[in-house]
Amino acid sequence: QVQLVESGGGMVQAGGSLRLSCAASGTMFSIDAMAWYRQAPGKQRELVAQITSGGRTNYADSVKGRFTISRGNAKNTVALQMNSLHPDDTAVYYCKANVRRTSLSRSADYWGQGTQVTVST
């Protein structure tokens, strides 16, 4: 079983910063990629940032220059540093990991339960 747990969410004023963290645990051969998504009320879930096993990153246009995604040295953790936060960044943020359970298995996506980020004006 693979479990992802997010932490670091909370309430912050516009212009402030938060750092989200996600840790994956369980039986895993490798984690090929990790990503952060978010979902605001009444909106679809959207990709915020992703990072591959090779370290390549991709960001939504709305967060470029403000957010930074990074992998821990053990590669089972991912963080999202969020600076210069806007009220429209308010959402539930979800961690996703593309996990290969064994050396011969295909990868599959696993999701965390989410953490609330609220940015006030």
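Two strands count as paired if DSSP finds at least two bridges between them. With that in hand, the pairings in this predicted model can be walked through one strand at a time.

Strand 9 is a good place to start. Its residues run from 91 to 100, and it pairs with several partners. Toward strand 11, which covers residues 115–120, there are 3 bridges in the antiparallel sense; within this pairing, Y93 has T115 of strand 11 as its bridge partner. Strand 10, made of residues 108–111, is also joined to strand 9, this time by 4 bridges and again antiparallel. Here A97 stands opposite Y110 of strand 10. Then there is strand 4 (residues 30–39), which pairs with strand 9 over 9 bridges, antiparallel once more. In that pairing, W36 finds its bridge partner in C95 of strand 9. As for how such pairings are held, strands of a sheet pair through backbone hydrogen bonds, either parallel or antiparallel.

How enclosed is strand 9? Of its 10 residues, 8 are buried, so the strand is largely enclosed by the rest of the structure.

C95 turns up a second time, in the disulfide. The structure holds 1 disulfide, and it joins C22 to C95, with 2.1 Å from S to S. A disulfide is a covalent bond between the sulfur atoms of two cysteines. The angle about the S-S bond is -80°, which makes the link of C22 and C95 left-handed. C22 sits in strand 3 (residues 18–26) while C95 belongs to strand 9, so the pair ties together parts that lie 73 residues apart in sequence. Both cysteines, C22 and C95, are buried.

That leads over to strand 3 and its own surroundings. Strand 3 is part of an open sheet of 4 strands, in the order 1-3-8-7 and with antiparallel pairing. At the edges of this sheet are strand 1 (2–7) and strand 7 (67–71), each of which pairs on one side only. From one strand to the next, the twist averages 15°. Inside the sheet, strand 3 runs antiparallel to strand 8 (residues 77–82), and 6 bridges join the two. One of the residues involved is A23, whose bridge partner in strand 8 is T77.

Put together, the disulfide links strand 3 with strand 9: strand 3 has its place in the open sheet, and strand 9 has strand 4, strand 10 and strand 11 among its antiparallel partners.

Notes: Residues numbered from 1 in each chain as written. Predicted model: local features only at pLDDT ≥ 70, side-chain atom pairs only at ≥ 80, totals over all residues. Heavy atoms only, no water. Disulfide = S-S within 2.5 Å. Buried < 20%, exposed > 50% of the residue type's maximum accessible area, 1.4 Å probe, protein only. Axes fitted to C-alpha atoms, helices over the stretch in contact; angles between N-to-C directions.
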